[in-house]
Amino acid sequence: MAAQTLELSSQSLLANDEDNTLCSSEITTLPQSELLSAALGPPNGHLTGEVRIERAWAYWNGLGRPKLIVAPMVDNSELPFRLLCRKYGAQAAYTPMLHSRIFSETEKYRSQEFTTYRPLFVQFCANDPDTLLEAAQRVEAYCDYVDINFGCPQRIARRGNYGAFLMDNLPLVRSLVEKLANSLNVPVSCKIRIFPDLQDTINYAKMLEEAGCALLAVHGRTRDEKDGKKFRANWNVIKAVREAVRIPVLANGNIRHIEDAWQCMEETGVEGVLSAEPLLENPALFAGYRTAEWGLDDEGTCKDGELDQAELLVEYLKLCEKHPVPWRMIRSHVHKLLGDWFRVHPNVREDLNKQSVLTFEFLYGIVDRLRELGARVPLYVKDDNRYRSCASET
Ligand SMILES: Cc1cc2nc3c(=O)[nH]c(=O)nc-3n(C[C@H](O)[C@H](O)[C@H](O)COP(=O)(O)O)c2cc1C
């Protein structure tokens, strides 16, 4: 039997310090017309494997087969950030991981942490099928997939017995997936890490498919390979999983610029890719923009894209004014987006760190100050401009 108590990994979300307050009290809901609704049938119930596979594909096709997807990120893939990425080429997104028990029990957590803009994967961590179902039923009308986090390798997940630590308890994994697949009106997706052994990974993926998973996102690193900069994601394993299962598969890991995305899809045959950390520095990644790390290094084929991270930050802040989020999320994005700029002017970062209470005025002022100091770190684009057409005007 699963441990019934999940670690309060999101406890900080419920605390009342300044960084956890919403940045504005004005909440705007997105018009229904902006929500893409896919045709849905009745719940999966106990369908045969063959019918389930057909439905998984019909559903995915109905959603328009999004290829460029914002990965789930605690405190970082919140609505304003997802909307910014959507403007710059992302075609779908995951919510941050939500804690299934806190979500089903706490109204404040639900109202602060859950927002929708579709196509959307809502991700939960869980170790109890009934609790997970209760949480999932609260969101199923507002999303396209309910996703289960089987990939989190952090200590907090070990203590709480969820995420990648459920790889040690596959019967529980199966029961979580079956519970949702048999009861929900939306399909269930899973995000997994790979095992050190290829056959174990393939068996795992096949078990998930059998249990009713309708879409599988594979992060090509093992549970112990926590540092994404140190360990390259293994696309060969992702390809082997894609060949072994019949449901749509997405790849995650090493998508640092748009050419990585296309190359990964070509090499592995997956339906689409997820990017996480690289998007935090560069939310315009899917529209073909590159940070200097990948823009300057490419045999002189890149040029100044006439867009920079400070402009993206201003766009993000404006979205936060419309769609309020806790300040701690905004603070995190300011650091990620302006990291390169702060390296040139560390005193501006220090002033930000000293500011215990943030305001939009202060943050717009930070951007103005950096510009007055003459700091500009451009994003680059390939000279041929091939991928920039992805950027949609919203
Ligand atoms: C700030 C941050 C928060 C994350 N939170 C989650 C999460 O809530 N759920 C999840 O499945 N993975 C989470 N991840 C992992 C990413 O979704 C992704 O699997 C991992 O970073 C590898 O992708 P990348 O190489 O594009 O960064 C997080 C990663 C980062 C950097």
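## A guided tour, starting at the ligand

Start by selecting the ligand: 22 residues surround it, and the closest are Ala-71, Met-73, Met-97, Ala-276 and Glu-277. Keep in mind as you look around that this is a predicted model. Now colour the shell around the ligand by class, and you will find ten nonpolar, ten polar and two charged residues.

Next, zoom out to the whole protein. Its secondary structure comes to 17 helices and eleven strands. Of the 394 residues, 48% are buried. Among contacts with a separation of 6 or more, 75% are made by residues 24 or more positions apart.

Let's visit one helix. Select residues 49-62, which form helix α2. How far apart should the ends of its 14 residues be? At 1.5 Å a residue the span should be 20 Å, and the end C-alpha atoms are indeed 20 Å apart, so the two agree.

Now show the side chains of Arg-52, Ala-56, Tyr-59 and Trp-60, which are the buried residues to look for in α2. They lie on the same side of the helix, because they cover an arc of only 95° around its axis. Here is a handy rule: an α-helix has 3.6 residues a turn, so residues three or four places apart point the same way.

What do the buried residues of α2 pack against? Select 213-219 to see the partner, strand β7. Then turn to the other side of α2, where Glu-50, Val-51 and Asn-61 are exposed.

For the last stop, move just past the helix: α2 is followed by Gly-64, which has a positive phi, near 90°.

Technical notes
Residues are numbered from 1 along each chain as its sequence is written. This is a predicted model: local features need pLDDT of at least 70, side-chain atom pairs count only at pLDDT 80 or more; totals for chains, interfaces and linings use all residues. A residue is near a molecule or strand if its C-beta atom, placed from the backbone, lies within 6 Å of it. Ala, Val, Leu, Ile, Met, Phe, Trp, Tyr, Cys and Pro count as nonpolar, Asp, Glu, Lys and Arg as charged, and the others, Gly among them, as polar. Helices (H or I, at least four residues) and strands (E, at least two) are DSSP runs, numbered from the N terminus. The expected span of a helix is 1.5 Å times one less than its number of residues. A residue is buried if 20 or more other C-beta atoms lie within 10 Å of its own, exposed if 12 or fewer, and partly exposed in between; C-beta atoms are placed from the backbone. The arc is that of the directions from the helix axis to the C-beta atoms. Two residues are in contact if their C-beta atoms, placed from the backbone, lie within 7 Å.
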